[in-house]
Amino acid sequence: MAKIVDITDKLSFDENPSLVIRGERFEVNADAPTMLRIMGLFNTQNEAEAIPAAYQLLFNDNARAKIDSMRLSFKDFSYVIETAMNLIRGEDMNPGEDQTHTMI
């Protein structure tokens with residue numbers, strides 16, 4: 001008989017990570033199909049095209065409206081996208097850094 005390994009308790013099915021910007025919490029779409037589409041964007045498009053497309057995939061309509069109203073600089077906006085992608089990948093922004101801090 002083949003070996004069977006149940007990994008269910010190691011997976012998080014309905015838990016999306018969040019970013020906090022100016023005290024506002026923004027949930028990031030963390031499902032694998034979303035991340036695969038984003039990775040494809042950055043492989044096939046230049047950064048100026050990929051960033052807005054990734055933004056559409058990472059955040060829901062309500063979150064995007066709130067982020068848009070903050071009128072972030074492009075540098076800060078890019079940082080939001082980069083950090084959201086790192087959250088999905090499970091990468092620490094800086095080893096040992098508190099991941100619950102306000103970024104902007």
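Here is a short back-and-forth about how the labels on this predicted model are earned.

Reader: What does the secondary structure of the chain come to, and how do the elements run?

Author: You get four helices and two strands. Starting at the N terminus, the order is β-β-α-α-α-α.

Reader: How do you know that S1 and S2 are paired strands?

Author: Pairing needs at least two bridges between the strands. S1 and S2 (residues 24-27) are joined by four bridges, so they count as a pair, and they run antiparallel. Within that pairing, Leu-19 sits opposite Phe-26 of S2, and Ile-21 sits opposite Glu-24 of S2.

Reader: Which residues of S1 are on the covered face, and which are on the uncovered one?

Author: Leu-19 and Ile-21 make the covered face, while Ser-18 and Val-20 make the uncovered one. That fits a general pattern: in a regular strand, side chains alternate between the two faces of the sheet.

Reader: What makes Arg-22 stand out in the hairpin?

Author: The hairpin of S1 and S2 has two residues between the strands, and Arg-22 takes a positive phi near 50° there. Arg-22 is not a glycine, and most residues other than glycine have a negative phi.

Reader: Why is Arg-22 called exposed?

Author: Exposed means over 50% relative accessible area. Arg-22 comes in at 54%, so the label holds.

Reader: Where is Arg-71 found, and what is its phi?

Author: Arg-71 is in the loop between H3 and H4. Its phi is positive, about 55°, although Arg-71 is not a glycine. Arg-71 has 74% relative accessibility, and with the cut-off at over 50% it therefore counts as exposed too.

Reader: How do you know that Glu-24 and Lys-66 form a salt bridge?

Author: The cut-off is a side-chain nitrogen of Lys or Arg within 4 Å of a carboxyl oxygen of Asp or Glu. For Glu-24 and Lys-66 the closest N and O atoms are 3.1 Å apart, so the pair qualifies. Glu-24 belongs to strand S2 and Lys-66 to helix H3, so this bridge ties together parts that are 42 residues apart in sequence.

Reader: Are Glu-24 and Lys-66 buried, exposed or partly exposed?

Author: Partly exposed covers what lies between under 20% and over 50%. Glu-24 has a relative accessible area of 30% and Lys-66 has 34%, so both get that label.

Reader: How many salt bridges does the structure hold?

Author: Two. Besides Glu-24 with Lys-66, there is Asp-61 with Arg-64, whose closest N and O atoms are 2.3 Å apart. Set against the 4 Å limit, that value passes, so this one is a salt bridge as well. Asp-61 and Arg-64 both lie in helix H3, three residues apart, or about one turn of the helix.

Reader: Why is Arg-64 called buried but Asp-61 exposed?

Author: Arg-64 has 11% relative accessibility, and buried means under 20%, so the label fits. Asp-61 has 57%, and exposed means over 50%, so the other label applies there.

Reader: What makes up the largest nonpolar core?

Author: That core has 23 residues, and the ones touching the most other members are Phe-26, Val-28, Leu-58, Phe-59 and Ile-81. S1, helix H1 (32-44), helix H2 (47-58), helix H3 (61-69) and helix H4 (74-89) each give two or more residues to this core. The largest share is from H4, with six residues. In general, nonpolar side chains of soluble globular proteins tend to be buried together.

Reader: Which residues does Leu-58 touch?

Author: Leaving out residues up to four places away in sequence, Leu-58 touches Glu-27, Val-28, Asn-29, Ile-38, Ile-81, Ala-84, Met-85 and Ile-88.

Reader: What makes the nonpolar surface patch, and why can Leu-11 belong to it?

Author: Val-5, Ile-7, Leu-11 and Phe-13 make the patch, which is about 420 Å². Patch members need over 30% relative accessible area, and Leu-11 has 44%, so Leu-11 meets that cut-off. Leu-11 lies in the segment before strand S1 (18-21).

Reader: How much of the chain is buried, and what belongs to carbon and sulfur on its surface?

Author: Buried residues are 29% of the 104 in the chain. The accessible surface comes to about 7200 Å², and 50% of that belongs to carbon and sulfur atoms.

Note on methods
Residues numbered from 1 in each chain as written. Predicted model: local features only at pLDDT ≥ 70, side-chain atom pairs only at ≥ 80, totals over all residues. Heavy atoms only, no water. Patch = residues over 30% accessible without salt bridge, like charges linked within 9 Å, V, L, I, M, F, W, Y side chains within 5 Å. Areas by Shrake-Rupley, 256 points an atom, 1.4 Å probe, with all protein chains shown as cover. Buried < 20%, exposed > 50% of the residue type's maximum accessible area, 1.4 Å probe, protein only. Core = buried A, V, L, I, M, F, W, Y, C linked by side-chain atoms within 4.5 Å. Contact = heavy atoms within 4.5 Å.
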